[in-house]
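Dear colleague,

I am passing on the structure we spoke about, with notes on a few places in it that you may like to look at. Please open it beside this message as you read.

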Amino acid sequence: MNVPRPLRTAVAPALLAATALIALTACGSSAADSGGSGAEGTVDIRIPDPGNSGVLALGKKDGSLDKALAEVGAKVRWTGSAGPFAPAAQAMNADQLDIATGSITSGITSLAQRPGFKFFTAVDPDAAGEGILVKNGSGIGSVADLVGKKVAVNQGGTGEYLLLKALAKAGIPADKVKRVYLRPDQTAAVFNAGKVDAWAVWATYAVAEIGSGKAHFVADGAAIGSDNYSLNAVRTGFAEQHPEIVKALYRYLHDASAKEKQNPAAYLNVFTDLGPTAVTGNAKDVQTGFTREGGTVDPIGPEDIERFEDVAGFYAEQKVTTEKVDVAAHLLDIEKLK
């Protein structure tokens with residue numbers, strides 16, 4: 001689910017994730033928060049709160065998501081807040097969350113642990129909304145100009161992948177550029193203070209910087225050749241117990257993401273057009289442009305799996321993971337769920 005779109009976004013249209021860390025304490029393992037039957041026998045499906053933009057935010061506000069899930073005897077329990085995939089994966093592993101969104105890059109590093117989740121949808125890589133961000137007037141005009149510079153990345157996730165992929169394509173050894181590992185929600189201040197020279201980032205965070213008119217991509221996802229899909233994950237136990245609910249959620253996300261692509265503005269500032277969660281001014285134009293160029297939430301097909309495996313191989317080659325992760329072993333064919 002793209003940005004600030006709750007089920008992509010990073011990472012792409014329709015995201016379940018956007019900017020803040022999952023509040024794991026809000027997804028505690030108390031009886032009140034554990035999965036299972038809700039009122040009158042309905043099944044609770046625990047999803048991070050979508051915030052102010054995206055298909056889930058609109059679905060929460062207008063009741064359309066509850067209506068779609070009610071047809072299969074389920075309802076959403078919003079828990080925590082959408083954010084980076086790594087803590088969401090931990091929450092699913094701990095049976096504190098049922099659904100989350102992340103990139104294939106962060107997904108691979110989470111799969112290298114002991115995953116209790118599987119991916120069931122894919123959104124094509126965001127060719128326009130992710131890349132290597134630099135300040136206007138920085139003197140950095142190409143990826144080659146990053147040699148000897150400091151670039152902010154989130155370790156093991158989209159940022160580190162984008163930087164390493166850009167360097168590899170340009171034939172530049174990775175050790176010629178200093179990687180500065182930062183949490184993405186802490187990086188804007190560091191970037192704007194000039195403490196790093198560039199930021200490998202995706203739309204969730206890039207929109208505000210580009211919209212300010214003070215930064216631009218020196219190389220976007222298309223130029224980098226990114227295979228950074230956005231994926232939706234489901235807790236394995238939930239998918240085994242409630243496949244019909246997972247299918248219903250997929251259908252909702254697929255249809256809503258297609259509508260979002262056609263009319264992006266309707267999915268921005270769903271609850272408020274003021275404050276830190278609102279997208280305003282030029283940033284709104286930037287975001288709507290990225291959304292129109294983005295993909296939709298679709299089943300995972302053979303060609304997608306091949307590209308996932310390429311990313312896994314690249315991560316192993318670059319020593320991000322100790323060995324190649326078997327991504328295919330952790331995928332669901334949504335069209336075959338019964």
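Asp124 is partly exposed in this predicted model, because its relative accessible area is 41%, a value that falls between the 20% below which a residue counts as buried and the 50% above which it counts as exposed. In the chain, Asp124 sits in the loop that runs between strand E7 (117-123) and strand E8 (131-135), and on the surface Asp124 joins Glu303, Glu306 and Asp310 in forming a negative patch.

Glu309, which belongs to helix H12 (residues 302-317), is buried, since its relative accessible area is 17% and the limit for that term is under 20%. Once the neighbours within four places in sequence are set aside, the residues in contact with Glu309 are Lys324, Val325, Asp326, Val327 and Ala328.

Helix H7 (residues 203-211) is also worth a look, and you may ask how many of its 9 residues are buried. The number is 7, so that the helix is mostly covered; the buried residues are Ala203, Thr204, Tyr205, Ala206, Val207, Glu209 and Gly211. Their cover includes strand E8 and helix H6 (187-192), together with strand E11 (198-201), strand E12 (215-220) and helix H11 (281-293). After H7 comes Gly213, which has a positive phi, near 80°.

With best wishes

Key. Residues numbered from 1 in each chain as written. Predicted model: local features only at pLDDT ≥ 70, side-chain atom pairs only at ≥ 80, totals over all residues. Heavy atoms only, no water. Patch = residues over 30% accessible without salt bridge, like charges linked within 9 Å, V, L, I, M, F, W, Y side chains within 5 Å. Areas by Shrake-Rupley, 256 points an atom, 1.4 Å probe, with all protein chains shown as cover. Salt bridge = Lys/Arg side-chain N within 4 Å of Asp/Glu carboxyl O. Lys, Arg positive; Asp, Glu negative; His and termini not counted. Charge placed at Lys NZ, Arg CZ, Asp CG, Glu CD. Helix = DSSP H or I, 4+ residues; strand = E, 2+ residues; numbered from the N terminus. Buried < 20%, exposed > 50% of the residue type's maximum accessible area, 1.4 Å probe, protein only. Contact = heavy atoms within 4.5 Å.
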